Each structure stands twice: as C-alpha cells, then as structure tokens.
Amino acid sequence: MGLLATAAVMSGAARANGDSGSLPRHYGVVASRPSGTNVGSWVLGGRTFVAGSGTEFMFQYGPLNVGVCAKAKYETINGVDQAVEIES
C-alpha cells in the first residue's frame with residue numbers, strides 16, 4: 001500500500017472512531033499546496049503535511065490558497081505528518 005493510500009486509511013479510521021477532535025493541530029499560513037488538486041504535500045507555517053484522498057477540507061473562511069491562514073489536524077505516521085483535516 002502506498003504512502004497516500006495508507007494516510008487515507010489511517011485518517012478514515014481516526015474519524016470513524018470519533019478521534020479527530022483529539023488529534024494535534026497546527027496553524028499557519030499556506031506557503032505551498034498541490035497544484036490543481038488537494039491531494040499531495042501542503043506547507044503550513046513551515047511544516048509539511050501530506051493530504052490523501054481521505055483528508056477532509058473545510059472552506060468556512062474562504063479558499064485554501066497560498067497566503068491564507070489555515071489549520072491542519074494531523075497524525076504522524078512513520079515520521080510523516082498525515083493531514084486528517086485542513087481548513088481555512
């Protein structure tokens with residue numbers, strides 16, 4: 001199973017168990033994001049997160065463009081910060 005597929009499975013399991021509220025959070029300005037998709041590497045406030053197909057995106061305060069403030073809920077799996085949720 002690939003890294004992104006693993007992230008989707010793990011992230012889905014956390015939400016299914018109702019654990020997303022207890023996940024760590026990181027706040028920062030979006031420095032970079034995947035082009036043309038939400039799946040891939042995101043850099044928020046100097047920290048890299050990998051978003052998979054199971055990552056939830058919330059746009060309550062507008063689009064998640066470079067330069068806007070965002071919050072990531074994440075799990076660290078094998079040293080990689082896997083995004084469970086990214087929101088504006």
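Val43 has Thr48, in strand β3, as its bridge partner. That pair belongs to the contact between β2 and β3 in a model that, I should say at once, is predicted. Strand β2 covers residues 40–44, and 5 bridges join it to β3. The two strands run antiparallel.

Let me place this pairing in the wider arrangement. Altogether, 5 strands close into a barrel. Going round, the order is β1-β2-β3-β5-β4, and the pairing is mixed. From one strand to the next, the twist averages 60°. Along the sequence, the protein chain reads α-β-β-β-β-β from the N terminus on, that is, 1 helix and 5 strands. Colleagues following on the structure will see that β3 sits between β2 and β5 in the barrel order.

I now stay with β3, which spans residues 47–58 and contains Gly52. Is Gly52 buried or exposed? Its relative accessible area is 2%. Because the threshold for burial is under 20%, Gly52 counts as buried. Gly52 also illustrates how positions separated in sequence meet in space: Gln82 is 30 residues away along the chain, yet the C-alpha to C-alpha distance is 7.8 Å. Gln82 falls within β5, which covers residues 80–87.

The next residue for discussion is Ser88, in the segment after β5. Ser88 has a relative accessibility of 15% and therefore counts as buried. Which residues does Ser88 contact, leaving aside neighbours within four places in sequence? Among them are Met58, Phe59, Gln60, Tyr61, Gly62, Pro63 and Leu64. Cys69 and Ala70 are also in contact with Ser88. Of these partners, Met58 is a residue of β3, whose range is 47–58. With Tyr61 there is a specific polar detail to note: the side chain of Ser88 reaches the backbone nitrogen of Tyr61 at 3.0 Å.

I finish with the chain as a whole. The protein chain has 88 residues, and 42% of them count as buried; Gly52 and Ser88 are two examples. Considering contacts with a separation of 6 or more, 56% are accounted for by residues 24 or more positions apart. As for the surface, the protein chain exposes about 4500 Å². Carbon and sulfur atoms supply 55% of that exposed area.

To return to the starting point, Val43 and Thr48 are bridge partners, and the strands concerned, β2 and β3, are joined by 5 bridges.

Key
Residues numbered from 1 in each chain as written. Predicted model: local features only at pLDDT ≥ 70, side-chain atom pairs only at ≥ 80, totals over all residues. Heavy atoms only, no water. Helix = DSSP H or I, 4+ residues; strand = E, 2+ residues; numbered from the N terminus. Buried < 20%, exposed > 50% of the residue type's maximum accessible area, 1.4 Å probe, protein only. Contact = heavy atoms within 4.5 Å. Areas by Shrake-Rupley, 256 points an atom, 1.4 Å probe, with all protein chains shown as cover. Polar contact = N/O pair within 3.5 Å; in protein donor to acceptor, adjacent residues only side chain to side chain. Pairing = 2+ DSSP bridges. Axes fitted to C-alpha atoms, helices over the stretch in contact; angles between N-to-C directions.
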